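Here are my notes on the model you sent over. I've kept them as numbered points so you can follow along with the structure open.

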Amino acid sequence: MRKILIAATLVASIAAFLVVSGSGQVAKADNNGASVYKDFGCGLFDGNGGFVFVAVGTHSVEITNGNAVTICKAAGVPNSNGKAVHWDNSNTGDQCFIAGGLTTDWNETVSASGEATLRCHLNGSS
């Protein structure tokens with residue numbers, strides 16, 4: 001079994017930490033809007049199946065209905081395969097941990113040159 005992927009650190013906890021520590025960016029909306037979080041810690045797979053942690057290039061939006069999307073981007077991620085690699089729940093069995101809970105609706109692509117993008121989606125109505 002693969003290592004457990006904590007794809008995106010719990011955004012609400014990180015946001016509280018960022019507000020206290022003064023780093024990162026948090027934009028809170030009114031009762032009917034969305035909350036946007038930027039530059040928080042995020043873990044993702046590299047092209048070889050290892051774990052990489054990034055603290056910038058992250059973006060998360062949580063809507064008041066419980067829907068959320070988190071995106072993490074990283075450059076210089078190891079990938080010795082020489083081609084793009086795609087990770088998701090179907091080939092890892094892992095879940096993405098974002099604001100609102102765990103989700104199997106995630107995907108990550110690591111390019112041959114080591115550019116990685118992770119997207120995690122949470123449907124608050126399901």
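**Notes on the model**

1. Let's start with T117, which is buried, with a relative accessible area of 17%. The cut-off for buried is under 20%, so T117 makes the grade at 17%. Keep in mind that this is a predicted model. T117 sits in strand β11. Leaving aside residues up to four places away in sequence, T117 touches I71, C72 and K73, and also N107, E108 and T109.

2. Now the strand next door. β10 and β11 (residues 116-122) pair in the antiparallel sense, with five bridges. If you want a landmark in that pairing, look at N107, whose bridge partner in β11 is R119. The two strands make a hairpin with five residues between them, and G114 in the turn has a positive phi of about 90 degrees.

3. E115 belongs to the loop between β10 and β11. Is E115 buried or partly exposed? Partly exposed, at a relative accessible area of 44%. Not counting residues up to four places away in sequence, E115 touches A74, A75, T109 and V110. Have a look at D46 too: E115 and D46 are 69 residues apart in sequence, yet their C-alpha atoms are 9.3 Å apart in space.

4. β10 itself is worth a slow look. In a regular strand, side chains alternate between the two faces of the sheet. Here W106, E108 and V110 point to one face and are buried, whereas N107 and T109 point to the other and are not. E108 is the one I'd have you click on, as a Glu on the buried face.

5. On to the aromatics. How many aromatic pairs are there? The count is two. For F45 and W87, the ring centres are 5.3 Å apart and the planes meet at 45 degrees, so this pair is tilted. F45 is in strand β3 (residues 42-45) and W87 in strand β7 (residues 85-88), which puts the partners 42 residues apart and links distant parts of the chain. Both F45 and W87 are buried.

6. The other pair brings F45 together with W106, and it is tilted as well, at 6.4 Å centre to centre and 35 degrees between the planes. The cut-off for a pair is 6.5 Å between centres, so at 6.4 Å F45 and W106 qualify. F45 lies in β3 and W106 in β10 (residues 106-110), so this pair ties together parts 61 residues apart in sequence. F45 is buried at 2% relative accessible area, and W106 counts as buried at 3%. Put the two pairs together and F45, W87 and W106 form one aromatic cluster.

7. The strands carrying the two Trp residues also pair with each other: β7 and β10 run antiparallel over four bridges. In that pairing, H86 stands opposite T109 of β10. D88, also in β7, is buried with a relative accessible area of 16%. The D88 side chain makes a polar contact with the side chain of H86, at 3.1 Å. With residues up to four places away in sequence left out, D88 touches G93, W106 and N107.

8. Back to the F45 strand. β3 is joined to β4 by four bridges, and the two run antiparallel. G43 has F53 as its bridge partner in β4. This is a hairpin too, with five residues between the strands and a positive phi of about 90 degrees at G49 in the turn. Which residues are on the uncovered face of β4 (residues 51-54)? F51 and F53, while V52 and V54 make up the covered face.

9. Finally, the overall picture. The protein chain has two helices and eleven strands, and from the N terminus on the elements run α-β-β-β-β-β-β-β-α-β-β-β-β. Of the 126 residues, 40% are buried. Among contacts between residues at least 6 apart in sequence, 56% join residues at least 24 apart. The chain exposes about 6,500 Å², with carbon and sulfur atoms supplying 55% of that area.

Conventions: Residues are numbered from 1 along each chain as its sequence is written. This is a predicted model: local features need pLDDT of at least 70, side-chain atom pairs count only at pLDDT 80 or more; totals for chains, interfaces and linings use all residues. Side-chain values use heavy atoms; hydrogens and water are left out. Rings of Phe, Tyr and Trp (its six-membered ring) pair if their centres lie within 6.5 Å; planes under 30 degrees apart count as stacked, over 60 as edge-to-face and the rest as tilted. Buried means under 20% relative accessible area, exposed over 50%, partly exposed in between (1.4 Å probe, protein chains only). Two strands pair if DSSP finds at least two bridges between them. Contact means heavy atoms within 4.5 Å. Accessible areas come from the Shrake-Rupley method with a 1.4 Å probe; for residues, only the protein chains shown count as cover. A polar contact is a pair of N or O atoms within 3.5 Å; within protein, one must be able to donate a hydrogen and the other to accept it, and residues adjacent in sequence count only if both atoms are side-chain atoms.
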